[in-house]
Amino acid sequence: MSSLIRFIYILGSFLNAHVLIIIGASTALGIVVGAIPGLTATLAIALLTGLTFGLVRWEAFNILVGVYVGAMFGGSLSAILLNIPGTGSASATVLDGYPLSLQGKAYTAISLSRIGAFFGTLIGFVFLISIASSLVKAVLHFTSFEMTTLAIFAVLVAGTVSSPDLPIKGWIGGLFGLLLSFVGMDSIWSYNRFTFGLMGLSTGIPLIPVLIGFFGIPQIIKILSGSQWVNPQSIETKEVGIVGQFKLAFKYFATIIRSGIIGAGVGAIPGIGGKIAAWLSYEAAYKSSKDREKFGKGAYEGVMAPEIANNACCGGALIPTLTLGIPGDPPTAVFLAALMLHGVTPGPLLSIEHPDFIFQMAALLFIASFMVFGLGLVIAKPVCKIFEIPPAILMPIVTVMCIIGGYALNTRITDVFLLFIFGIIGYFLTEMGYHPAPIVLGLLLGGMVDNNLRRALMISDGSILPFLTRPISLVFILASIYIIISQTSLWRKIWKKQRKNKIHNK
């Protein structure tokens with residue numbers, strides 16, 4: 001109870017016009033950044049950290065937290081409207097968000113995304129103030145063995161849910177992404193691999209150009225060819241009010257709680273981030289849903305689950321960042337530098353040197369969640385007007401934004417060439433039925449698999465037994481085996497037979 005009283009007192013001190021204006025403006029900026037493909041929360045925080053040097057400490061943190069939370073929501077806007085995720089965390093939102101837009105339900109999809117972001121951020125804030133210390137103790141059990149098996153499990157999940165009719169294609173896509181991640185200088189021995197003598201590839205294949213290439217370029221080609229665009233006449237005319245939106249969202253109350261816990265829990269694992277949280281949450285929603293056949297074709301749960309998880313990840317990722325000094329995801333890695341720049345040293349002594357700091361950060365998250373909801377409410381209707389713009393005018397603008405996003409992070413012209421190369425490859429792969437999501441996730445997690453697997457084998461002198469004897473690692477291995485077996489034709493026949501028997505008994 002004393003913790004709650006402290007939080008309420010600190011929250012009250014932040015509820016003034018000055019703070020609210022700063023957080024509101026920075027959250028709006030974060031939404032814009034997140035909605036532009038390639039301009040991630042990491043990039044925004046990195047750019048703003050230097051600009052906040054001369055500001056008062058809490059003014060700087062108001063800006064950075066607002067941008068962080070806003071960007072997590074903003075990535076879903078382009079995912080839903082254009083089938084191009086603004087951030088890596090929104091790649092799972094694409095699966096059902098864009099199909100809903102094609103059905104004329106873009107406004108409902110954005111509304112559910114906004115509500116998901118709101119609840120996800122609130123759940124992350126609850127985790128931050130209530131179980132930060134105990135959750136960190138559990139996370140400390142994650143070593144190279146657990147990180148390897150978790151990453152492989154996440155790639156299998158992405159492959160399965162992105163291609164439910166033929167999961168082998170999703171797994172092949174994930175494997176292709178893993179292979180792409182091996183290009184570049186080896187981080188352990190500093191040896192160039194698969195670079196073919198090209199210096200531009202020595203740092204590896206960057207994620208952002210691949211993300212934009214695989215998602216953006218094929219979508220632009222399809223829309224310009226007239227094969228995939230929303231008919232303005234099909235857009236819903238009777239828009240659901242706020243009360244109706246919450247009623248619709250609360251039909252999936254179990255999804256809200258489950259996805260929030262998954263997001264905050266995964267976010268607390270150092271170095272993981274919202275990408276894995278979104279996919280694991282999507283998989284959990286898919287497995288527990290009574291309407292699995294709707295997933296991938298426009299399921300409301302398929303929009304809410306990943307959005308709740310990647311926003312809950314904000315609060316979860318701050319837990320190891322503040323209590324251990326170990327960033328939970330890429331944005332908090334930059335945020336860690338910002339903390340030190342403003343005289344705050346994260347770690348076990350933080351609660352002694354700055355007793356109220358965690359509560360202050362939680363208060364900022366709490367306020368930012370309401371800002372996301374309010375701003376999302378304001379922009380939901382205007383952004384749906386995008387479908388009234390002729391594709392011949394809109395797509396060249398989107399192309400320019402994709403090029404800027406691909407170039408902005410590393411400011412290398414090589415990244416622009418890679419964007420178009422992978423865009424062409426992505427177009428042919430999508431035409432053959434390969435979804436880009438597991439490919440991108442495989443590239444994202446490839447470094448984690450590579451480094452942790454080799455480090456684990458070094459620790460065990462080449463033995464794989466520790467993977468089987470460590471409980472958490474064994475759980476992920478068994479879960480991975482279950483995913484593979486559950487997609488076999490024999491298992492599906494058994495499952496369908498059991499489902500028919502249940503329906504018959506009822």
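Hi everyone. Before anything else, one definition: a cavity here is a set of grid points where a 1.4 Å probe fits but cannot get out, and its lining residues have an atom within 4 Å of a point. Please keep in mind that we are looking at a predicted model.

Let me start with the whole chain. We have 506 residues, and 57% of them count as buried. The secondary structure amounts to 23 helices and 2 strands. If you take the contacts with a separation of 6 or more, 79% come from residues 24 or more positions apart. The accessible surface is about 21,300 Å², with carbon and sulfur atoms holding 70% of it.

Now for the empty space inside. How many cavities of 30 Å³ or more are there? The count is 1, and the space in this largest cavity is about 50 Å³.

Who lines it? From the lower numbers we have Gly88 and Ser91, then Leu207 and Leu211, then Lys275 and Trp279; Ala437, Val440, Leu441 and Leu444 complete the lining. Three elements give two or more residues each: helix 10 (207-224), helix 13 (274-288) and helix 20 (436-459). Which of the elements gives the most? That would be helix 20, with 4 residues.

And for those of you thinking about chemistry, the lining splits into 7 nonpolar, 2 polar and 1 charged residues. If you have the structure open, Lys275 and Trp279 are both in that lining, so do click on them while we talk through the definition once more: the probe fits there but cannot get out.

That's my tour, thanks for listening!

Definitions and conventions
Residues are numbered from 1 along each chain as its sequence is written. This is a predicted model: local features need pLDDT of at least 70, side-chain atom pairs count only at pLDDT 80 or more; totals for chains, interfaces and linings use all residues. Side-chain values use heavy atoms; hydrogens and water are left out. On a 1 Å grid over the protein atoms alone, a cavity is a set of points where a 1.4 Å probe fits but cannot get out, and a pocket is an open set with protein on both sides within 12 Å along at least five of seven lines; lining residues have an atom within 4 Å of a point. Grid points are joined across faces, edges and corners, and a volume is the space filled by probe spheres set on the points. Ala, Val, Leu, Ile, Met, Phe, Trp, Tyr, Cys and Pro count as nonpolar, Asp, Glu, Lys and Arg as charged, and the others, Gly among them, as polar. Buried means under 20% relative accessible area, exposed over 50%, partly exposed in between (1.4 Å probe, protein chains only). Contact means heavy atoms within 4.5 Å. Accessible areas come from the Shrake-Rupley method with a 1.4 Å probe; for residues, only the protein chains shown count as cover.
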